[in-house]
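Trainee: Got a minute to walk through this fold with me? I'd like to start with the sheet and then look at how the helices pack.

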Amino acid sequence: VDMVPVDLVLAIVDSSNLRRNLYLVSQLLELELPLVVALNMSDVAQARDIHIDADQLALELGAPVVPICAHRRQGLEALKQTLAAALGGKYASTPHSRPDLPAALKQQIAQLVDLTGKSGQPLSAIEALHVLVDEEGPAEQRLVAARGPEFAGQLAQLRRATGLPVPLSAQVTQLRYRWIDQLLARCVRQPAHLHTSRSDRLDRILTHRV
């Protein structure tokens, strides 16, 4: 199946819950595609005394950051102009920082890329990361279906070779949130104890793993 190339990624994040929303942004950065971040619900963030330095956040991410309030249609024109400029190649900076994977995991990612390359269908580094980290996930299931059950054993060997505690997904999650917390410390001022909104309380129930 021919894939349509992606020209740009627009990440719309909740300004009032930036820590949770930056997790996806950390993954998008790994795609190395042009990225624009829209800080939505900026009015809610201000009401909760959350002050985000959009310029500093843009510097850290290497991507333009535009505060908006979609339901009030505020900042949308600025966002359109930023998207047009990004498509025109105006923003070509690289992230000041990004989550750094353990060296042992990087080594096994490279091994997996080489392993799949021998069959003429190599994975990209980001694809290999997801296959290794998301054990028995959709990406692994597709590969095993295409390459046979012995490939599952090879993946297990690569995971063990990292020497990292299992599951690897937990290690990568902790790493991402550690990076996010460092990012927030440089870009955000907020009360020590934020008021928990009704939607946050509902999320704890509706998105609970049980």
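What follows is a short back-and-forth on the sheet and some helix contacts in this predicted model.

Trainee: Okay, which strands are the edge strands of the open sheet?
Mentor: The sheet has 3 strands in the order E1-E2-E4, with parallel pairing. An edge strand pairs on one side only, and that picks out E1 (9-14) and E4 (65-67).

Trainee: And which residue in E4 does Leu-39 stand opposite?
Mentor: Start with the pairing: E2 (residues 35-40) and E4 run in the parallel sense over 3 bridges. Across from Leu-39, in E4, you'll find Pro-67.

Trainee: Which helix lies across E2 and E4?
Mentor: Don't mix up two helices here. H1 (residues 18-29) lies across E1 and E2, at about 165° to E1. The one across E2 and E4 runs at about 155° to E4, and that's H3 (residues 54-61).

Trainee: Now H6 and H9: are they roughly parallel, roughly antiparallel, roughly perpendicular or oblique?
Mentor: The axes of H6 (residues 125-133) and H9 (residues 168-187) come within 8 Å and cross at roughly 125°. Roughly perpendicular covers 65 to 115 degrees and roughly antiparallel needs over 145. The crossing fits neither range, so H6 counts as oblique to H9.

Trainee: How many residues of that H6 and H9 contact are nonpolar?
Mentor: From H6 you have Leu-129, Leu-132 and Val-133, and they meet Leu-168, Ser-169, Val-172 and Arg-176 in H9. The split has 1 charged and 1 polar, and the nonpolar count is 5.

Key. Residues are numbered from 1 along each chain as its sequence is written. This is a predicted model: local features need pLDDT of at least 70, side-chain atom pairs count only at pLDDT 80 or more; totals for chains, interfaces and linings use all residues. Side-chain values use heavy atoms; hydrogens and water are left out. Two strands pair if DSSP finds at least two bridges between them. Helices (H or I, at least four residues) and strands (E, at least two) are DSSP runs, numbered from the N terminus. Contact means heavy atoms within 4.5 Å. Axes are lines fitted to C-alpha atoms, for helices over the stretch in contact, and angles run from 0 to 180 degrees between N-to-C directions. Angles under 35 degrees count as roughly parallel, over 145 as roughly antiparallel, 65 to 115 as roughly perpendicular and the rest as oblique. Ala, Val, Leu, Ile, Met, Phe, Trp, Tyr, Cys and Pro count as nonpolar, Asp, Glu, Lys and Arg as charged, and the others, Gly among them, as polar.
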